[in-house]
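Please look through the structure shown below, and then follow the paragraphs that come after it, which start from a single residue and move outwards to the core and to the spaces inside and at the surface.

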Amino acid sequence: MNTYRIPRSIPRFGRVLLLGGLLTAAGCDQQELLNPVPQTSITGDNAFSSPERVQGLVNGIYKAIKAGNYYGGNYLIYSEARGEEFINRTSNTFTAYEAWNQTLNSGSNFVAGFWAAAYAAINNANILIQGLADHPNTVSETLRKQYVAEAKFARALAYFSLVTLYARPYNEDKGASPGLPLRLKAETTTAGNDLKRSSVAEVYARILKDLDEAEADLPAGYTSALLNTTRAHRNTAVALKTRVYLNQGNYAKVIEEARKIVSDAAPFSAASGVAHRLQNIVEIFTTNYTSTESILSVPMTELDNVTGQSSFAYVFNANSEYHLNPNGIWGHTDWKTGDLRRTFSRTASGVQFLTKYGKPSPFLDYIPILRYAEILLNYAEAAARTGDLPKALALLKAVRNRSDAGYVFPESAVSTQAALVSTILTERRIELLGEGFRSNDLLRNGLPLPAKASASNTAPEVKPSQSNYIFPLPNTEIVTNKLLLE
């Protein structure tokens, strides 16, 4: 009897199967009457034997996304630390100090940890896709297509997260640089360890293929706001495509996808599927995690949360390890004191700390992966870059005036294409602060990672030409994948 298990060598690149609460146990005995297989044992023969067990595997995909080294916390922590919006206070290597001062190396904990977590999510998706192909009658055909679509969405999200950290930006050379090993098969042994990297362009092509196919088979929505926020549906795939195309500089495609879920005129909303629209900015981070603005979020509960040094709320707020940089967006003159987004802060020892995730331990604030405000800003930037300044300005105003109703953009900030693009990029820094976007926005635009300093800590500027502009490949993968560096 084949058993889904974790061979000792496999975690080197994160091949692990999460079963959404089902227990993994090895073994079968020919004398089954004397030694029956426990009902909680998940083997290669019975993992897809019932709709309930398949549902457990689907839940495992989302559980993998929620890992502490992924969207559960560290992915956002390290992405934010690399930018210029925060000042490190503790020099703690376990809470992104190496990312903040630009000294990450192939042996750094998170360099290996995120690689493993993201590839674990990918392998979970691959196992589900393969298992449903091998056991096509366990669930209905409609449900089988939906589950495969959810797996493809999760795989696309993981590959995008990886390629934007460990590979050169797409816009640098249209994706000609080495990218990532594209692992598209279910891995339960070490036989597939050795795999060359595909190019950045090939990785992006796979991401978009997965998202196109996911969009076709995902449901328009679910039966509750909670499920619409925590599971992928059709508009979730569309929303992620706007992010991917923006990263490629394919602005026409950003607009094409955005139009599927953004109405032609304000107040902007999605006309089909889940009725996404902007909501009260304070409520969506404090009391209403499942509003129509929340396209996809990582849920937290008393029994299932991320805490300690992998929790963004712990590191940036409760434990006071990073304060807002007064020379970053927090000090920008166009971010006025009356803006509701400034309420996501507290002052201690003369400095400000971000409280966007403000609940105390066990840190039960949901972590957003996709919000409608981001989609409006993606659309706005694409419209501005392609010359549609009126549409870009209307979208920009929708985001700003939701939080600062009386604000009027200066004519000099929006009257030309260059000025409007710059203003939209500034608005992204304000709106998406603490959500893991800043360092990637710098990279996709070919901008240096700025220098930053406090009385005790400094971090140098990193130019696009420098090797540490992107994450190094982890030693754990280098030593086990003989083809990685070819």
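**From one residue to the spaces around it**

In this predicted model, Thr164 counts as buried because its relative accessibility is 9%, and the cut-off for that word is under 20%. Thr164 is part of helix H5, which covers residues 141-166, and its side chain reaches the backbone oxygen of Ser161 at 3.2 Å. If residues up to four places away in sequence are not counted, Thr164 touches Tyr75, Tyr204, Asn247, Asn440 and Leu443.

Helix H5 also leads us to the nonpolar core. The largest nonpolar core has 136 residues, and those with the most contacts inside it are Tyr70, Leu128, Phe153, Leu162 and Tyr166. H5 gives the most to this core, with 15 residues. To see what surrounds one of these core residues, take Phe153, which, leaving aside its neighbours within four places in sequence, is in contact with Leu211, Ala214, Ala232, Thr236, Ala237, Leu240, Leu296 and Leu370. There is also a second, separate core of six residues, among them Leu442, Leu449, Val462 and Ile470.

Next come the enclosed spaces. The structure holds nine cavities of 30 Å³ or more, and the largest cavity contains about 220 Å³ of space. This largest cavity is lined by 22 residues, of which Tyr75, Phe160, Gly436, Phe437 and Asn440 are the closest to its centre; Tyr75 and Asn440 are also among the residues that Thr164 touches. Helix H2 (74-82), H5, helix H9 (234-248), strand S6 (367-371) and helix H17 (438-444) each supply at least two residues of this lining, and H17 gives the most, with five. By class, the lining divides into 10 nonpolar, six polar and six charged residues.

The second largest cavity holds about 80 Å³ of space, and the residues that line it include Gly72, Met300, Phe312, Tyr357 and Asp365. Its lining has eight nonpolar, two polar and one charged residues.

Finally, we turn to the open spaces. The largest pocket has a volume of about 390 Å³, and of the 19 residues that line it, Asn59, Tyr62, Lys63, Thr230 and Pro299 are the closest to its centre. Helix H1 (51-65), helix H8 (225-230) and strand S2 (294-298) are the elements that give two or more residues to this lining, with H1 giving the most, namely six residues. The lining of the largest pocket is made up of 10 nonpolar, five polar and four charged residues.

Definitions and conventions:
Residues numbered from 1 in each chain as written. Predicted model: local features only at pLDDT ≥ 70, side-chain atom pairs only at ≥ 80, totals over all residues. Heavy atoms only, no water. 1 Å grid on protein atoms, 1.4 Å probe; cavity = no way out; pocket = protein on both sides within 12 Å on 5 of 7 lines; lining within 4 Å. Points joined across faces, edges and corners; volume = space filled by probe spheres on them. Helix = DSSP H or I, 4+ residues; strand = E, 2+ residues; numbered from the N terminus. Nonpolar A, V, L, I, M, F, W, Y, C, P; charged D, E, K, R; others polar. Buried < 20%, exposed > 50% of the residue type's maximum accessible area, 1.4 Å probe, protein only. Polar contact = N/O pair within 3.5 Å; in protein donor to acceptor, adjacent residues only side chain to side chain. Contact = heavy atoms within 4.5 Å. Core = buried A, V, L, I, M, F, W, Y, C linked by side-chain atoms within 4.5 Å.
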